[in-house]
There are 2 protein chains.
Amino acid sequence: MKFKRDLNYDKIIFMKETIIGNLIYGQSGGPTSVINSSAYGVIKEARKHKNIISKVYAMHFGLEGLLNNDLIDLDNYTLEELAKLKNTPGAAFGSNRYKLSHYSADEKDYIKIIDIFKKYNIRFFLYNGGNDSMDTIHKISEYAKKVNYELYCVGIPKTIDNDLPFIDHTAGYASAIKFIANAVSEIYLDDHSYKKGRVNIVEIMGRNAGWLTAGSLLSKLNGTAPDLIYVPEVPFDLTSFLNDVKSIYETKQHCLVCVSEGIKDENGNFIFETSELKDKFGHTQLGGVASRLAKIVEKEFNYKTRAFELSLLQRANSILPSSLDIKEAIKVGEFALKKAIKGENDKIVTLKRIGTSSKYKIKYDLIDIALVANKEKYLPLTYINSKCNYINDTFLDYALPLIQDKKDNTFNNGLLNVFKLK
Amino acid sequence: MKFKRDLNYDKIIFMKETIIGNLIYGQSGGPTSVINSSAYGVIKEARKHKNIISKVYAMHFGLEGLLNNDLIDLDNYTLEELAKLKNTPGAAFGSNRYKLSHYSADEKDYIKIIDIFKKYNIRFFLYNGGNDSMDTIHKISEYAKKVNYELYCVGIPKTIDNDLPFIDHTAGYASAIKFIANAVSEIYLDDHSYKKGRVNIVEIMGRNAGWLTAGSLLSKLNGTAPDLIYVPEVPFDLTSFLNDVKSIYETKQHCLVCVSEGIKDENGNFIFETSELKDKFGHTQLGGVASRLAKIVEKEFNYKTRAFELSLLQRANSILPSSLDIKEAIKVGEFALKKAIKGENDKIVTLKRIGTSSKYKIKYDLIDIALVANKEKYLPLTYINSKCNYINDTFLDYALPLIQDKKDNTFNNGLLNVFKLK
């Protein structure tokens, strides 16, 4: 390689004006609405460093594509075409859930990867994903070192679940909760069209972490808050739930419940698969947790109910993204690229919130990827009320800055600016 | 009343600068995302005619509220406060589904209504609803004539279902299909994040009319079209459906189906309640038609599936409204008011599309409400393909002008401006 390097990465000095190799970018895990914005950030920034990076490739369907030698040559796209990535949900270059074995157990994939990297002179590897994907980067980085292949790997965090440790919030989370909070407002207001409404139960993603479901609290700020919020961090008790629903509905003739798909009973079993619920009501409750709970409420109290699964719409939400989220996702991609070409390796980009609570500011940094790989960050218990059926207002200080946007008449603080009767 | 009138309404002349009475506005039936924009149009316009209309009231929960003497005095709201109605889903003043008997069968409600009208000096009655609600207006108008109570009633059409005859499209429809088409794009792109996707089945509102489901075809324009579209106007055949899904999924490893909640078998029975489906697979298929069909596909072919119910989000969609829809909804409200104070009665506002297909233009007019009351307008069969599993492109000429908006980078022709691989 035509560059000088010191084993101490801090002191690495690349020879100016020297092309040292190519970059590959890949997408992994469940998409977010801004994963493609990070891709845009990477590619745009890479084009500014032609002296170091000659070509930029994307893996077509992530690691799976890489192993099949299926690469996308990004030279075929103008910057104007690529700018559309900012409005594109899904993983535009294709994602995957391929699980790489450890090279000590099975070296086959690793040999193939290094062969392909050599063939395309890949020296920079940026992978965009969640905690599993970070484990993939870590393993490839370690293997490259082992076989003495010069490679700079940086992880670009993304997941709507917001469950990566050491990261204030992950790219994708803000847009997801912006959609969730506004969808909850819409459901609230539609139900309040009638004097006597229904018990509405909204199922929100998050198998283990309640960050997304907690986001529904934001709709409190335009007066359309849910009545009950249940997250997976604390046990869900069916009897208390039914009592709460009854008392709320009998008082208000409306009841809006937001519930994580991953709520569990006190033994840690997912509610959507507990046999207790099957037996209690004599037959299997099909569907997700919202439709199960809705059927139970119907049977128990004969209230009209409606179950909602926000499903993919929350993670593919490009119709109401947080522009802050898009901006930060781009920035995270740019930052990863800048650090990789400075010789950083086996690291992940972090976002740290700095400044006062009223003045939102983010500092980008790097930490060792091994600290994040395969680990989960849960919703702090201080955000959950003592009855385990709601989220505390302190969560709003955390979440509200994330969904801000340019002011217009339609939205206020990122939430529908709605008319309410006096 | 202090005004001259001729029995021939065409010649009616109100005395200038003379307050002749008050106005009541009501909302009825299922809300749309722009029903409140029509309310805004009515109230704003009424305030310009203080010489004729002294006060504006809204019924709190429609006819039900009226019968309970539950009125909202709109003098308590500034125009700035009322402007928020344009961003507010649901029926902000409260809706209802109260069914008025004919006065020949039961006069009780009518006597009460006229009493309340007299008490508040209501001379103008504007009711915002679908075909059932138009029937209500017609009856009240007829009864008022019968008892010689001077009353001017005009219907303001709204329904996401777009099923009112003599009306090119109803306020609310455009925003609903804009949401549907873009949600379908999001689902398409999320599924295409993976090389091997799922069979995704999206359930769209419309018990008898396929207008909303046909709207999913719009996503063809950004390259994210559904593979199959089923509407209630033609019979749904389960065997053909399964064959179609199989052939598409085996070829593409993706399959996106849009289906009206109201699809029926050849005997006219709703698919979501046919016992044939129950029996064929040995147990009751719970849930709506999408989740039923998904379970059948899973059982038959062992494909991974995902069922979506867009549910209330399509009719309460204020996060991605059509600005044309909002504008027209306001206009319809204004127009109704203007006509009522000109002495029109027992009429409904119509929208007629004029001009060339490339240059969209709407003419507002009135017709006798009896022509619309309790009648339904179905999707013309010319829009449905001969295999009864898709919508013809001619539908796009009809629908595309309705979802246009100011150009920005995010949307093109009202649809997400997405990046696609070459």
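Residues are classed as buried under 20% relative accessible area, as exposed over 50%, and as partly exposed in between (1.4 Å probe, protein chains only). The model is predicted, so that local features need pLDDT of at least 70 and side-chain atom pairs count only at pLDDT 80 or more, whereas totals for chains, interfaces and linings use all residues. Residues are numbered from 1 along each chain as its sequence is written, chains are lettered from A in the order in which they are written, and side-chain values use heavy atoms, with hydrogens and water left out.

Of the 422 residues of chain A, 64% are buried, and the C-alpha atoms of this chain fill a box of roughly 75 × 50 × 35 Å along the principal axes.

Salt bridges, defined by a side-chain nitrogen of Lys or Arg within 4 Å of a carboxyl oxygen of Asp or Glu, number 32 over all chains. One of them joins the side chains of Lys178(A) and Asp405(A) at 2.3 Å, N to O; the two residues are 227 residues apart, and the pair thereby links distant parts of the chain. Lys178(A) is buried, at 3% relative accessibility, while Asp405(A), with a relative accessible area of 27%, is partly exposed.

A further salt bridge is formed between the side chains of Asp365(A) and Lys363(A), at 3.8 Å, N to O. Asp365(A) is partly exposed at 38% relative accessible area, and Lys363(A) is likewise partly exposed, at 40%. In addition, Lys55(A), Asp73(A) and Asp75(A) are linked in a network of salt bridges.

How values were computed
Helix = DSSP H or I, 4+ residues; strand = E, 2+ residues; numbered from the N terminus.
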